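I opened my notebook for this chain and wrote down what I looked up, entry by entry. Please follow along with the structure beside you.

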Amino acid sequence: MGMSYLILAGAIMLASWLVSSRLKSKFEQYSKLHLQNGMSGAEIAEKMLADNGIRDVRVISVSGQLTDHYNPVNKTVNLSEAVYNQRNAAAAAVAAHECGHAVQHAVGYEWLTMRSKLVPVVNVASTYMQWILLAGIFMMKSFPQLLLIGIVIFAATTLFSIVTLPVEYDASNRALAWLESKRMLTQQEQAGAKDALKWAARTYVVAALGSIATLLYYISIYMGGSRRD
């Protein structure tokens, strides 16, 4: 299983790199596709929120790259400086996608609710998980239950990765549907936004697959040790 896992892990790492590289190139490409309506990412976001009757969510600018996110705690759509200010298909796609999460929150989308409940668990798990797993492997003969505890904790993070998939895909679908129904973009701009969000979603798919593969690897170690005992 060790060699098999290394091969699988290598394949997933390669897939992750390819998807990330492709995503970067797509966003660079569509960042050059300027919107004919002349709207910035911030203006796109504010209009989408208004059209969905959401009045209690603020659109704010945050520093950094790929820092775009929706915060359900303080109800803010956080857009990176480039997305907030720029007026291109990539910015429109990201801004609308993050507003898609705000819409999910407003309508009580069940997958988003589930993911939000898992956030505190994942935050705690990410702090201790690797140490528990490592200690569990070294103490497999004397204290196998420690590895089992680590596996349960890691399973929570894997569940979070899996639950994230429908949340992200649904947010993109809401964004694209709104952009199209309101005729915010030209046909070429709409196609670019759709392509960009498609590649963004694939990063979550690769992450979920990697988490599942790693979970199975740790389970195999535990089962192998149990059989030897």
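**Entry 1: a salt bridge within one helix**

I began with Lys47, which forms a salt bridge with Asp51; the closest N and O atoms are 3.4 Å apart. The model I am reading is predicted, so please take each distance here as computed from a prediction. Both Lys47 and Asp51 sit in helix α2, 4 residues apart, which is about one turn of the helix. I then checked how covered the two partners are. Lys47 has 32% relative accessibility and counts as partly exposed. Asp51, at 33%, counts as partly exposed too.

Next I noted which salt bridges share partners: Lys26, Asp195 and Lys198 are joined into one network that way.

**Entry 2: salt bridges between separate parts**

How many salt bridges does a search of the whole structure find? I noted 7.

I looked at Lys26 and Asp195 among them, and their closest N and O atoms are 2.7 Å apart. Lys26 belongs to helix α1 and Asp195 to helix α7, so this salt bridge ties together parts that are 169 residues apart in sequence. Are Lys26 and Asp195 buried or exposed? Both turned out to be buried.

The other pair I looked up was Glu43 with Arg87, a salt bridge whose closest N and O atoms are 3.3 Å apart. Glu43 lies in helix α2, while Arg87 lies in the loop between α3 (81-85) and α4; the pair therefore ties together parts that are 44 residues apart in sequence. Glu43 is partly exposed, with a relative accessible area of 33%. Arg87 is also partly exposed, because its relative accessibility is 40% and that class runs from 20% to 50%.

**Entry 3: the sheet**

I turned to the strands next. 3 strands form an open sheet, ordered β1-β3-β2, and the pairing is mixed. The edge strands are β1 and β2, as each of them pairs on one side only. Direction ignored, neighbouring strands of this sheet are turned by 30° against each other on average.

I then went through the pairings. Strand β1 (residues 58-62) runs parallel to β3, and 5 bridges join them. On that side, Arg58 stands opposite Thr76 in β3. Strand β2 (residues 69-71) pairs with β3 in the antiparallel sense, over 3 bridges. Here His69 has Asn78 of β3 as its bridge partner.

The hairpin of β2 and β3 has 4 residues between the strands, and in it Lys75 takes a positive phi near 55°.

**Entry 4: the two faces of β3**

How many residues of strand β3 (residues 76-80) are buried? I found 5 of 5, so the strand is mostly covered by the cut-off of under 20% relative accessible area.

In a regular strand the side chains alternate between the two faces of the sheet. I sorted the residues of β3 with that in mind. Thr76, Asn78 and Ser80 are on one side, and Val77 and Leu79 are on the other. Both faces of β3 are covered, with every one of these residues buried.

**Entry 5: the nonpolar core**

I went on to the largest nonpolar core, which has 44 residues; Ile44, Leu49, Val77 and Leu179 touch the most other members. At least two residues of this core come from each of α1 (2-30), α2 (41-51), β3, α4 (89-107), α6 and α7. Which of the elements gives the most to this core? I wrote down α4, with 11 residues.

**Entry 6: a nonpolar patch on the surface**

My last lookup was on the outside. Ile162, Leu209, Ile212, Leu216, Ile219 and Met223 make a nonpolar surface patch of about 480 Å². Helix α7 (residues 187-228) gives the most to this patch, with 5 residues. Ile162 lies in helix α6 (residues 144-181).

I asked myself why Ile162 counts as partly exposed. The reason is its relative accessible area of 36%, because partly exposed covers the range between 20% and 50%.

Notes: Residues numbered from 1 in each chain as written. Predicted model: local features only at pLDDT ≥ 70, side-chain atom pairs only at ≥ 80, totals over all residues. Heavy atoms only, no water. Patch = residues over 30% accessible without salt bridge, like charges linked within 9 Å, V, L, I, M, F, W, Y side chains within 5 Å. Areas by Shrake-Rupley, 256 points an atom, 1.4 Å probe, with all protein chains shown as cover. Salt bridge = Lys/Arg side-chain N within 4 Å of Asp/Glu carboxyl O. Buried < 20%, exposed > 50% of the residue type's maximum accessible area, 1.4 Å probe, protein only. Pairing = 2+ DSSP bridges. Axes fitted to C-alpha atoms, helices over the stretch in contact; angles between N-to-C directions. Core = buried A, V, L, I, M, F, W, Y, C linked by side-chain atoms within 4.5 Å.
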